[in-house]
Amino acid sequence: MKLSLCDGWEFTQTWTEDFALGKGKAQQVRLPHNPREIPLHGASPADYEGVWGYRRAVRLPETGRAFLQLDGAAHQAAVFVDGVQVAEHFCGYTAFRFELTGHGKPGHTVWVAVRLDSREDGDVPPFGYVIDYLTYAGLYREGWLDLRADSLISDVFVHTPDLKTAVIQVETDSVQQDHTLLCEIVDGGGKAVWQGREDAGQRVVLTAQVDGALPWTMDAPHLYRCRVSLLDGGDVVDCQEVPFGFRTAVFQGDGFYLNGKRVFLRGLDRHQCWPYIGCAAPRRLQEEDARILKDELGCNVVRTSHYPQSQSFLDACDALGLAVFTELPGWQHIGGEGWKARCLQNIREMILQNRNHPCVILWGVRINESVDDDAFYLRTNALAHQLDPTRATSGVRNFEMSHLLEDVYAFNDFSHTGRNPGVLPKEQVTPDMSKALIISECNGHMFPTKPWDNWARRQEHALRHAKVQGDSFYSHCHSEKDCDASELRDAVSKVPGDAFCSHCHSEEDCDGSELRDAAESPAHAGCIAWCMFDYPTHGDFGSGDRVCYHGVLDAFRNPKLAAAVYASQRTDAPVLVVGSSMDIGDYPAGEIGRVYVFSNAERVLLYKDDTFVTELHRDATYPLPHPPFVLEGQDLGEWGRRAGVWRFDGLIAGRVAASVKKGPSARYHLLTEVSHTHLHEADSYDTALVRVRVVDEFGGECPYVQLPVTFAVSGDISLSGPALAVAEGGMTGTFVSSVGKKGKGVLKIAAPQAGEAEISFTVTV
Ligand code: GAL
């Protein structure tokens, strides 16, 4: 029985031995816990480095065994029971569990205390040199008390060599001779679709054949559960359940195959942080990030750079059909032998804790962007393949022709400068053309872009994403020997009259040189761009305020223009975003230049003051499924002429599916989006993400409107973040949490000139 152990903790900023014995007063806290609020700008390790203490009274069971599990303890944890050290752990990004049984009398209450050292220690990965992100502190994920029988199931690993077969590997501890194992596969509706029995042993492998199994795909990610019961005659001694999916995930020289079908992986890198709360985020916030990636940005892959992330995030990726490339903690630096031994332990924990997630398709077993170290990386690869013979390994490089000991070459392709092809040709990057090449990062520091940068820069930021994503996709479509660009044509055929097809398939008015550059490079398996959102970092990076403005979203997950490159590849809802304010005053000499429209519409028509001006064409320089439209060669205004209102209509099947107006605005209002308004306390408190944007009278973004925004809560909720913020680039946000009480609450948001907004919450516990 796994019980949440998120409540009832006490916290101190000054660890002492007395604290471990339950003496003195301390602050009551709940997990996930962030020791100190992290400022939006100018955050630094000084905000979280320290030796903190957590303690909790835990009642030991009368019979059976008890385990305590902490999902995230940053970064070195020593665990004490009634003042005696019983366990330690040296990774802030993997869970660890330890047995409490025997450390106190059955039925008695003991003090469990954690001495948590969050300082950067060069003996513990990822530390030892510079790092481009903050590492935070605290027991920042969930905690669990697992009460079990004396004989127990210690692990269940399910993998699916084909779409009808599940191989179930069960490990047990202290089972008796006459114990048996009953394995059941349960479908999404709760129906058992397969059963098998075996005598219990230390390690037992069963093979299930499920003929009607529904596959886990990106569009319909069917999930099953494997329930394993340890039986003593007819009595259930122990029972464990793990989710899994029937799917195969294979990388080959020409790309990635999900269930035998080649799929181009398009996505973003993700850190696990938020403003103010650092990385202490409960389930729903983690799920919201996965939802934004899949549903708002249309990504089908995410890389958990540069460490394993929350189970809640991976659960959401499982449920949404979002593929995951996860990796061991580290950033460029490789330490000494002791440090490497810890890396191997980190890989072990990463794989054992995550190998049932169907979403995970690739293990990163090299330190991100580290040099070749064959002796070390032979060991990391061997360990990964031993613990999980089903998944490919990779490792992220920032240089070409590295020794390829993994199954997939992951490359941070930062070659694009805005004026050249988006990607390097595959043969220039990898020493082994027979293995897959995936872009694991691009753009990022090549073009940091703030929400309040001018329109030209923000549009350029978007176009750079479009270029790298486009060229890597194009190479994917053109890599098969008998390639007839069918995949790309299928994609663009949804856009009749699209410029790309004619560009690609006619030689008359186009020498196609740029496309050829990309096409000459055989398949990329995918492109994961840097990165999902802006993040706080160390002083060695960032824009001077220790923030890397590398996101396609801001830190609150509000979209920058570049987000529209991704969103406009979706096919499930119309998207139309214009890359200009259409105000001549924002451009040198009043010349707006080329305006790009990121849209999945079939046609985009432009009107000025309701009079038709022109139809935009798609720009084949960006060979995406939905390349952006470009507006050029038009008279868009002149200094000294009266401004008007521009309207962009996006047509699908002859009808206006999306329409955007642009013009000088004198009125602002608040646009709020909340992840959910029903807060529910299940395993812990619940937190909602509230995104706030100041928009103009046409509903458009206001990058220069830096208004103060106030947040005030009443009722049974709390605010995680300051009561006064600034809409930076017209965007901000906050977090609203439950406080352990059933009830209601209201969040009031106000900004001068932009009015007020009110969001009502209900809380259940
Ligand atoms: C890479 C690195 C990332 C981030 C990115 C910025 O070198 O792997 O963590 O720093 O650059 O573009």
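A crossing of two helices is called right-handed if the near helix is turned clockwise from the far one by less than a right angle, and left-handed if the turn is anticlockwise. With that in mind, the reader can turn to this predicted model, in which the crossing of helices α4 and α5 is right-handed.

Helix α4 covers residues 337–354 and helix α5 covers residues 374–387, and the two pack at an angle of about 20 degrees with their axes 10 Å apart. Because angles under 35 degrees count as roughly parallel, α4 is described as roughly parallel to α5. On the α4 side the contact is made by Glu337, Lys340, Cys343, Leu344, Ile347, Arg348, Ile351 and Leu352, while α5 contributes Phe376, Arg379, Thr380, Leu383, Ala384 and Leu387. Sorted by character, the residues of this contact between α4 and α5 comprise 9 nonpolar, 1 polar and 4 charged.

A second helix pair is formed by α2, residues 283–296, and α3, residues 311–320, which pack at an angle of about 40 degrees with their axes 8 Å apart. That angle makes α2 oblique to α3, and the crossing of these two helices is right-handed. From α2, the residues making the contact are Arg283, Gln286, Glu287, Asp289, Ala290, Arg291, Leu293, Lys294 and Asp295, and from α3 they are Ser312, Phe313, Asp315, Ala316, Cys317 and Leu320. The residues of the contact of α2 with α3 divide into 6 nonpolar, 2 polar and 7 charged.

Just ahead of α3 in the sequence, the loop between β24 (residues 301–304) and α3 holds His306, a residue that is joined to Ser305 by a cis peptide bond with omega of about -10 degrees. His306 also belongs to the surroundings of the ligand, where, out of 13 residues, Asp132, His306, Trp331, Glu369 and His445 come nearest. A polar side-chain atom of His306 lies 2.5 Å from an oxygen atom of the ligand. For His445, a side-chain N or O atom is 2.6 Å from an oxygen atom of the ligand, and for Glu441 the corresponding distance, again from a side-chain N or O atom to a ligand oxygen, is 2.7 Å.

The backbone has further features that deserve a look, given that most peptide bonds are trans and most residues other than glycine have a negative phi. Another cis peptide bond, with omega of about 5 degrees, joins Ala74 and His75, and His75 is found in the loop between β6 (73–74) and β7 (76–81). On the other side of β7, in the loop that leads to β8 (84–89), is Asp82, which has a positive phi of about 45 degrees although it is not a glycine.

Key:
Residues are numbered from 1 along each chain as its sequence is written. This is a predicted model: local features need pLDDT of at least 70, side-chain atom pairs count only at pLDDT 80 or more; totals for chains, interfaces and linings use all residues. Side-chain values use heavy atoms; hydrogens and water are left out. Axes are lines fitted to C-alpha atoms, for helices over the stretch in contact, and angles run from 0 to 180 degrees between N-to-C directions. Helices (H or I, at least four residues) and strands (E, at least two) are DSSP runs, numbered from the N terminus. Angles under 35 degrees count as roughly parallel, over 145 as roughly antiparallel, 65 to 115 as roughly perpendicular and the rest as oblique. Contact means heavy atoms within 4.5 Å. Ala, Val, Leu, Ile, Met, Phe, Trp, Tyr, Cys and Pro count as nonpolar, Asp, Glu, Lys and Arg as charged, and the others, Gly among them, as polar. A residue is near a molecule or strand if one of its heavy atoms lies within 4 Å of it. A polar contact is a pair of N or O atoms within 3.5 Å; within protein, one must be able to donate a hydrogen and the other to accept it, and residues adjacent in sequence count only if both atoms are side-chain atoms.
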